[in-house]
Amino acid sequence: MKKLLSILVCVMIAMSSFGFIGCNREEGSLKGGKADVTYTISVEDAVNGSLTADKNKVVVGESATFTVTPNAGYVLAGLYLNGAKISVNGNSYTIKNVLRNYSAEAVFAVEKVELSYVGEGTEGLSGKLINYGETLGELETPTLMGSCFIGWKN
């Protein structure tokens, strides 16, 4: 039984190796072959900041780095690769093993927003300065003689 299992495993390894070699022969090698496959790296124009890529063509298996720089008073709200939001630490993101075309987009948001109260019964309520991504927390309740406060409206 063990001998049969080991023969089966060897056959499977051999078949997967042939499949990999055949794939490279038609598509090009990972690096240095006759017909290296190249992929396109593109960036969308950004508003309130900039997004750059270190190269616009990449040979399969190489890396590509995107750098985001918000304008003064703005922060990065999201970096999207091929439409999917990705997590970024700092101001750059690197794809270590490019295996397809990539299109990147950066969205920037105002760094600080001032909350102020407007309307009857809001006199004397103090405003707040809120950082992007910060939880708003509890809002003060306005009071107006003879009225009942129901809730906040955006």
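The paragraphs below go through the strands, the two sheets and the nonpolar core of this predicted model.

The protein has one helix and 10 strands. Along the sequence the helix comes before the strands, in the pattern α-β-β-β-β-β-β-β-β-β-β. Two open sheets are described here, one of five strands and one of three.

In the sheet of five, the strands lie in the order S3-S1-S8-S5-S6, and their pairing is mixed. Its edges are strand S3, residues 57–59, and strand S6, residues 84–86, each of which pairs on one side only. From one strand to the next, the twist averages 30 degrees.

This sheet can be followed from the S3 edge. Strand S1, which covers residues 38–43, runs antiparallel to S3 and is joined to S3 by three bridges. Here threonine 40 is found opposite lysine 57 of S3. Further along the order come S8 and S5, which pair in the antiparallel sense through seven bridges. Within that pairing, valine 75 lies opposite alanine 109 of S8. At the other edge, S5 is also paired with S6, again in the antiparallel sense, over three bridges. Tyrosine 80 faces lysine 85 of S6 as its opposite residue. S5 and S6 make up a hairpin, and two residues separate the two strands. One residue in the turn, asparagine 82, has a positive phi of about 50 degrees.

The sheet of three strands has the order S2-S4-S7, and its pairing is antiparallel. Strand S2 (49–53) and strand S7 (92–95) are the edges; each has a single partner strand, so one side of each lacks a neighbour in the sheet. Neighbouring strands in this sheet are turned against each other by 15 degrees on average, with direction ignored. S4 and S7 are held in antiparallel pairing by four bridges. One of the bridge partners across this pair is threonine 94 in S7, which matches threonine 65.

The next topic is the nonpolar core. In soluble globular proteins, nonpolar side chains tend to be buried together. The largest nonpolar core of this model contains 18 residues, and those with the most contacts inside it are Ile41, Leu51, Phe66, Leu81, Val98 and Tyr102. At least two residues of this core come from each of S1, strand S4 (64–70), strand S5 (74–81) and strand S8 (102–110). The strand that gives the most is S8, with four residues. The contributors thus include strands of the five-stranded order, such as S1, S5 and S8, as well as S4 of the three-stranded order.

Isoleucine 41 shows what surrounds one residue of this core. Leaving aside residues up to four places away in sequence, isoleucine 41 touches Ala53, Lys55, Asn56, Val58, Ala64, Phe66, Val98 and Tyr102. Among these, Phe66, Val98 and Tyr102 are also listed with the residues that have the most contacts inside the core.

Some totals complete the description. Of the 154 residues in the protein, 19% count as buried. Among contacts between residues at least 6 apart in sequence, 47% join residues that are at least 24 apart. The protein exposes about 11,300 Å², and carbon and sulfur atoms supply 56% of that area.

Notes:
Residues numbered from 1 in each chain as written. Predicted model: local features only at pLDDT ≥ 70, side-chain atom pairs only at ≥ 80, totals over all residues. Heavy atoms only, no water. Pairing = 2+ DSSP bridges. Axes fitted to C-alpha atoms, helices over the stretch in contact; angles between N-to-C directions. Core = buried A, V, L, I, M, F, W, Y, C linked by side-chain atoms within 4.5 Å. Buried < 20%, exposed > 50% of the residue type's maximum accessible area, 1.4 Å probe, protein only. Contact = heavy atoms within 4.5 Å. Areas by Shrake-Rupley, 256 points an atom, 1.4 Å probe, with all protein chains shown as cover.
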